[in-house]
Amino acid sequence: MTSSAQPQVAAPPGGRALALAKRAAEHALWARVAGQRRLEARRGVSRPLPRAVAPTGVLQSRAEAQAAMREARALRLPLHRDKVKNWDALGALGAVLSLAGREGGLPERVMDAGSARYSPILPWLRLYGLGDAADSLIGINLEFDAPVRRDGVLFRYGDVTATGLPDGHLDAVTCMSVIEHGVPLQPFLAESARILRPGGILVISTDYDHEPPDTAGKTAYGVPVHIFSPREIRALVADADAVGLDLVGELTDEVLRHPERPCHWDRVDLDYTFILLSFRRR
């Protein structure tokens, strides 16, 4: 999440019970990752790069979401509890691993913007061997208090529009299901471009629909619910281009349409889909 002149800090729904459940899920996830890494290292196990999800595209159907989940399971990656979220996480993982490496190798420094400690992208990157160097995998969020480390990954307080990182510091930035929650897009894109090295990768996912449903009066995490339209996505791509971020792939009218709405948000009773956008820093 991000701050502005009058910051709106997300307040997760569900109260203490949900907070405790998320904390338990977080600890279980990272315990699995640490144990799995050690076991695979002893056995010399490796895993191929994910292939099911393109770096840029729209989730077209439930079948596509299920295919992504099957590939994640085959790659021995701990699945996101919300099954459809494995689609954009797998696409982001593939984009970071295949596009953000240095001299044909793996990327070295990756930040997850608006991170959650129980979400999959940083654990998955850890299982692919990233994060051995200090602070080379980090997650930032305005909700975080004191810094926390999980299997070498640093989670700390941070604003996605003002990270405090040096220019050109990162190989990749991921931002998964965050920008729809009131993030100022132009400052976020400008900051991402600043902290990425030339050739570095920014991967964004967000709620999307080619004909967005009415969200009037619906709020979540302290801000109005927002589902991006094709016009807004094209404007985002233009804003990214203006700060030196080139879209990887194409977003034609055909790509932006989708025959199904595979995502359902019970809390606000909305159906929609996801879009994944990958950009390369010029």
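Is Asp167 buried or exposed? Asp167 is exposed, with a relative accessible area of 59%. The views below show this residue and others in a predicted model.

**Figure 1. Strand 5 and its neighbours.** Strand 5 covers residues 153-157, and four of these five residues are buried, so the strand is largely enclosed by the rest of the structure. On one side, strand 3 (residues 137-141) runs parallel to strand 5 and is joined to it by four bridges. Within this pairing, Ile138 stands opposite Leu154 of strand 5. Strand 4 (residues 148-150) is also joined to strand 5, here by three bridges, and these two strands run antiparallel. In a regular strand, side chains alternate between the two faces of the sheet.

**Figure 2. The hairpin of strands 4 and 5.** Strand 4 and strand 5 form a hairpin, with two residues between them. One residue in the turn, Asp151, has a positive phi of about 50°. Arg150 of the hairpin stands opposite Val153 in strand 5.

**Figure 3. The salt bridge of Arg194 and Asp167.** Arg194 and Asp167 form a salt bridge in which the closest N and O atoms are 2.6 Å apart. The pair links distant parts of the chain, 27 residues apart: Arg194 is in helix 5 (residues 185-195), while Asp167 is in the loop between strand 5 and strand 6. Arg194 is partly exposed, with a relative accessible area of 28%, whereas Asp167 is exposed.

**Figure 4. The salt bridge of Asp171 and Arg197.** The side chains of Asp171 and Arg197 meet in a salt bridge, with 2.5 Å from N to O. Asp171 belongs to strand 6 and Arg197 to strand 7 (residues 196-208), so the pair ties together parts that are 26 residues apart in sequence. Both residues, Asp171 and Arg197, are buried.

**Figure 5. The salt bridge of Arg282 and Asp246.** In the salt bridge between Arg282 and Asp246, the closest N and O atoms are 2.4 Å apart. Arg282 lies in the segment after strand 12 and Asp246 in strand 10 (residues 245-247), so this pair ties together parts that are 36 residues apart in sequence. Arg282 is partly exposed, with a relative accessible area of 46%. Asp246 is partly exposed too, at 28%.

**Figure 6. A network of salt bridges.** Arg23, Glu26, Arg117 and Arg150 are joined into one network by salt bridges that share partners. The structure holds 20 salt bridges.

Technical notes. Residues numbered from 1 in each chain as written. Predicted model: local features only at pLDDT ≥ 70, side-chain atom pairs only at ≥ 80, totals over all residues. Heavy atoms only, no water. Buried < 20%, exposed > 50% of the residue type's maximum accessible area, 1.4 Å probe, protein only. Pairing = 2+ DSSP bridges. Salt bridge = Lys/Arg side-chain N within 4 Å of Asp/Glu carboxyl O.
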